[in-house]
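Please look over the structure below before reading my points. They start with the chain as a whole and then turn to one helix.

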Amino acid sequence: MKRLLPPFAMIALTGCGLTPVYSGGSSGPVASALRSVSVAPIDGQAGWLVRNKLIDRLGAEGGNSAYRLEVKLDDNITSFGLRSDRAATQERRTLRARYQLVDSRSGMVVLDATAGSDMGIDIVSSEYATVAAEQTALENLADTVADQITARLALYASRTAGAK
């Protein structure tokens, strides 16, 4: 029975309609669509990090791009876990992004969505260690947000590539 299960599972999956998003590799329709997205400048240090990570993931070529990605970030650090002397023992860093994909030719917004993540930070007696932990958290959050935005853009590209 165990030997028969994998062939039946493969046959069942072929009819489900699932296809890889990045089929065709770097010359496929989704990769080509992602390369046609230019990323507008984003304010602040978090914006600089997210923009660079997005450019790395999208493979943006610049020049005449079909779409422009506009991102607005909200970077927030909240202290909690108070001790008896009212000093905080932990922080939560939150990075939220609202992004819009704008058609460069018509100026119409074709995708409007949000992405975000948060991370806990322990506050220690060393101020330097706490600042370093906050910076590391920001870099990790920028990675996560850029991954979420890229995945959503790839999904949009795969759905619109089939419609064209």
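1. Helices and strands here are runs assigned by DSSP, at least four residues for a helix and at least two for a strand, numbered from the N terminus. The model is predicted. Read along the sequence, the protein chain follows the pattern α-α-β-α-β-β-β-α. That makes four helices and four strands.

2. The protein chain has 164 residues, and 30% of them are buried. Its exposed surface is about 10300 Å², of which carbon and sulfur atoms supply 54%.

3. Contacts can also be sorted by distance along the sequence. Taking those between residues at least 6 apart in sequence, 61% join residues at least 24 apart.

4. Now helix H3, residues 44–58. At 1.5 Å a residue, its 15 residues should span 21 Å. The C-alpha atoms at its ends are 21 Å apart, which agrees with that expectation.

5. Which residues of H3 are buried? They are Ala46, Gly47, Leu49, Val50, Lys53, Leu54 and Leu58. Seen down the axis of H3, these buried residues fall within an arc of 165°, so they line one face of the helix. The general background is that an α-helix has 3.6 residues a turn, so residues three or four places apart point the same way.

6. The face of H3 turned away from the buried side carries exposed residues, Trp48 and Asp56. "Exposed" means over 50% relative accessible area, and "buried" means under 20%.

7. After H3 comes Gly59. The phi of Gly59 is positive, near 65°.

Technical notes
Residues numbered from 1 in each chain as written. Predicted model: local features only at pLDDT ≥ 70, side-chain atom pairs only at ≥ 80, totals over all residues. Heavy atoms only, no water. Expected span 1.5 Å × (residues − 1). Buried < 20%, exposed > 50% of the residue type's maximum accessible area, 1.4 Å probe, protein only. Arc of directions from axis to C-beta. Contact = heavy atoms within 4.5 Å. Areas by Shrake-Rupley, 256 points an atom, 1.4 Å probe, with all protein chains shown as cover.
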